[in-house]
Amino acid sequence: MLVRTQFAGFGGQGVLLMGYVLSNGAMLKGLNVTFFPSYGAEMRGGTANCMVTLSDKKIASPVGSQADILVAMNGPSLDKFEPTVAKGGLIVLNQSLIKWGPKRQDVEVFSVPLVDLAREAGSERAANMVMIGAVCAKRDLLPLEDVVKGMQAAMKGKDKFFALNTKGIQRGFTFAQTGK
Amino acid sequence: MPSEKKLMRGSDTLAEAAVRAGCRFFSGYPITPQNELPEYLSWRLPQAGGTFIQAESELSAINMVLGAAATGARALTSSSSPGVSLKQEGISYLAGQELPAVVANMMRGGPGLGNIAASAADYFQATRGGGHGDYRTPVLAPAGCQELAELTFLAFDLADKYRTPVMLLGDGLIGQVMEPVVFPDPIDPADLPPKDYILDGCAGRAPRAIFSMLLGQQGELYKHNLHLQEKYEQITADEQRWEENLTEDADIIAVAYGTASRIAMSAVEELRAEGVKAGLFRPITLWPYPKQALRKLAQGGVKVAVFELSAGQMVEDVMLSVGERAEIHFYGIPGGVIPTPADVIDFLRSALKGDGKVGRRVEI
C-alpha cells in the first residue's frame, strides 16, 4: 500500500496542518510516512501545499510523479494540481470556495461544504479539521481515533483547541460516511 | 536511551542530533532553506548548557566555530550554498590547523543567490576541498531524516577522530521533509575522550599554540602537508560508506545520492514491478567516494546511469570509478526544480535502449 495525498490551498487555511495531522496519525498507527511541504516566498494569502505519502513499506521518494488524492481548498489549487492526480484518483473539493468542478472525467470527485460543516462543529476555524476527517473517512486512510491522536500530536501544547478540532474531525467523518 | 519515535523536519533533526552528539556550540547566519536549524538550536542549545550565537556574517560564524573547536568544544555551523561559499576560507583554516568541526550545507539552487529549491550543485565544492590549499573534508550525504540523525553523530565522531572539518551535505528537500525519527543515545560531552591539543588554559602544563601559518625555513609546511595527505589517505582507506539496492542481478544501476537517490529508488521500484532489472548504488560518503565498491558492480555488461540534481558533477567520480568497464549514462536536473520518479524512469528506460532521448551517454 502506498498513498500519496496532495493538500493545497491559500496560506492561512491550515493546509500544512492538515498534512501534519495526517502524518502524525499515520506514524502513531505504525505506518511509514513522509511529509513534504512547499516552501518559498509564501505567506498568508499566497499558496501553500504539501504532499503526504503513507505506506506500510519503506518509502523511497517523498515526492511523487502523481497524487492518489488531491485536497483542493481553493480554485487556483484545483487548477494547478488537477493534472497531477492519478487516473482513478480522488479529488476532494472545498465546495464553499470552489464553484466549478474539475474538468477531468477519469477521477472521483468528492465535494465538501466545508464552511457549513465547520460552523456546525462549532467554528469556521475548524474547517481544515473537517476536511482532514472527511478525507481520511472517504478513503479509509485512518480511523477516527487515529486522526484525533494525530491532531493532538501535531498540536502538542495547544490543548485548548483539542475539543473544537475533535468535533471538526468527527463532523468530517460523519459527512463522508453518511453524505450529510 | 534512544528517543521515542517523533515526526521531525530534516533541519530540526540535524539540530537535535547535534545536541545529542555532544555539540555545545553553534554559530551561523540565516539563509533559506535551513533557517529552522538555527531556530531550533537557539532554544535547544541553551537548554543543554551550550552556546548559540547568531553571528553578524558567515565569516564570523565559521571563525567562531574555529575558536570553539580550538578550545575543545564539539562545534557546528550551518548554511546554504552562498553562505557556505563565504565559509570556505574558515574551512580551509580548520583543515590546516587540524581542528574538528561540522559544517552543514543544505544546498539551494545556484550559482549566485540562485533560488531556494532543492539542488545538489555544490558537489565539486564539497568534495574537492572547497577553499584554498591541499585539503579534503569528509562529506556525508544523508537521504532522509533517520539517516541524517545517525550521520550527524558520525560527522562529529569523524571530525574528532581525524581532527578535520566534516561536511553534512543535504539540500532543501532533506532540510524540509518530515519523517519519523528515533535518535541514538545522547552523549555527554564530559564523557568524550580528552583532546591533547586544545587551548584551555596552561596552568600546570606547557603552553600550546594552534597555527595555520608555517613560515619556517626547515620545510615545516611541506612536512605538514605530507602529514595531512597521510591523514586523507587513511580516511580514504577506512571511511567509505555506501548502500546497494537490488544491484545483484541488475542490467542497469542508477547512481544517485541524497534526495536524488530517494527519487531514483522510487523509479527503480516501479521498473522492477514491470520486470526491468534496475538497481541503485547510493554513495553515503561523497568524499571519500566509494570507488572500489562501484567499480566492482561495473561488470558483465551492466549499464551505469548517473542521476543528479546538478548539470553533472558526481558523474566525474563515477567515471573515475568505473572507467571503461561499463557504459555510463548521465541525466541531470540543474538547480531550481524538483524532479519526480517519472523523470528518472524515462531516463533509465532511455539509457537501457541507448536511444539518447533522456540524458546522454558520457565517455572518458
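**Exercise 1. The two chains**

How much area do chain B and chain A bury between them, and what share of it is on carbon and sulfur atoms? Work out which residues of chain B lose the most area, too.

*Solution.* Before starting, keep in mind that this is a predicted model.

- Step 1: check the scores. The model comes with ipTM 0.93 and pTM 0.95. Chain B has an average pLDDT of 96, and 100% of its residues score at least 70.
- Step 2: count who touches whom. Taking heavy atoms within 4.5 Å as a contact, 24 residues of chain B meet 20 residues of chain A.
- Step 3: get the area. The two chains bury about 1,800 Å² between them, and 66% of that is on carbon and sulfur atoms.
- Step 4: pick out the big contributors. On the chain B side, Leu7(B), Met178(B) and Arg262(B) lose the most area to chain A, and together they make up 31% of what that side buries.

**Exercise 2. Domain against domain**

Now stay inside chain B. Find its domains, then describe how they meet.

*Solution.*

- Step 1: look up the bounds. The domain assignment splits out domain 1 (6–191) and domain 2 (242–362) of chain B.
- Step 2: take the centres over C-alpha atoms; for these two domains of chain B they sit 27 Å apart.
- Step 3: count contacts. From domain 1 of chain B, 29 residues are in contact with 22 residues of domain 2 of chain B.
- Step 4: add the area. Between them, domain 1 and domain 2 of chain B bury about 2,100 Å², with 56% of it on carbon and sulfur atoms.

**Exercise 3. The empty space**

How many cavities of 30 Å³ or more does a search of the whole structure find? Say what lines the largest cavity, and which domains supply the lining.

*Solution.*

- Step 1: run the search. One cavity of 30 Å³ or more turns up, and the largest cavity has a volume of about 40 Å³.
- Step 2: list the lining. Here we get Met107(B), Ala120(B), Pro142(B), Leu169(B), Gly170(B), Asp171(B), Ile174(B), Tyr257(B), Gly258(B), Thr259(B) and Ala260(B).
- Step 3: map them to elements. Strand 8 (165–171) and helix 10 (258–273) of chain B are the elements that each give two or more residues to this lining.
- Step 4: sort by character. Seven of the lining residues are nonpolar, three polar and one charged.
- Step 5: go back to the domains. Domain 1 (6–191) and domain 2 (242–362) of chain B each supply at least three residues to the lining of the largest cavity.

**Exercise 4. Backbone oddities**

Hunt down the cis peptide bonds at Pro33(B) and Pro288(B) and place them, then explain what to note about Glu98(B).

*Solution.*

- Step 1: Thr32(B) and Pro33(B) are joined by a cis peptide bond with omega about 5°. Pro33(B) is in the loop between strand 2 (23–28) and helix 2 (36–47) of chain B.
- Step 2: the bond from Trp287(B) to Pro288(B) is cis as well, omega being near 0°. Pro288(B) belongs to the loop between strand 13 (285–287) and helix 11 (291–297) of chain B.
- Step 3: Glu98(B) isn't a glycine, yet its phi is positive, about 55°. You'll find Glu98(B) in the loop between helix 5 (88–96) and strand 5 (101–109) of chain B.

**Exercise 5. One glycine**

Where does Gly96(B) lie, and which residues is Gly96(B) in contact with, leaving aside its neighbours within four places in sequence?

*Solution.*

- Step 1: Gly96(B) is part of helix 5 of chain B.
- Step 2: with those neighbours set aside, Gly96(B) contacts Phe211(B) and His224(B).
- Step 3: for a long-range distance, try Ala278(B). Gly96(B) and Ala278(B) are 182 residues apart along the chain, and 43 Å separate their C-alpha atoms.

Notes:
Residues are numbered from 1 along each chain as its sequence is written. Chains are lettered from A and ligands numbered from 1 in the order in which they are written. This is a predicted model: local features need pLDDT of at least 70, side-chain atom pairs count only at pLDDT 80 or more; totals for chains, interfaces and linings use all residues. Side-chain values use heavy atoms; hydrogens and water are left out. On a 1 Å grid over the protein atoms alone, a cavity is a set of points where a 1.4 Å probe fits but cannot get out, and a pocket is an open set with protein on both sides within 12 Å along at least five of seven lines; lining residues have an atom within 4 Å of a point. Grid points are joined across faces, edges and corners, and a volume is the space filled by probe spheres set on the points. Helices (H or I, at least four residues) and strands (E, at least two) are DSSP runs, numbered from the N terminus. Ala, Val, Leu, Ile, Met, Phe, Trp, Tyr, Cys and Pro count as nonpolar, Asp, Glu, Lys and Arg as charged, and the others, Gly among them, as polar. Domain bounds come from an automatic or database domain assignment. pLDDT is the predictor's confidence in each residue, from 0 to 100. Buried area is the accessible area (1.4 Å probe) that two parts lose on being put together, summed over both.
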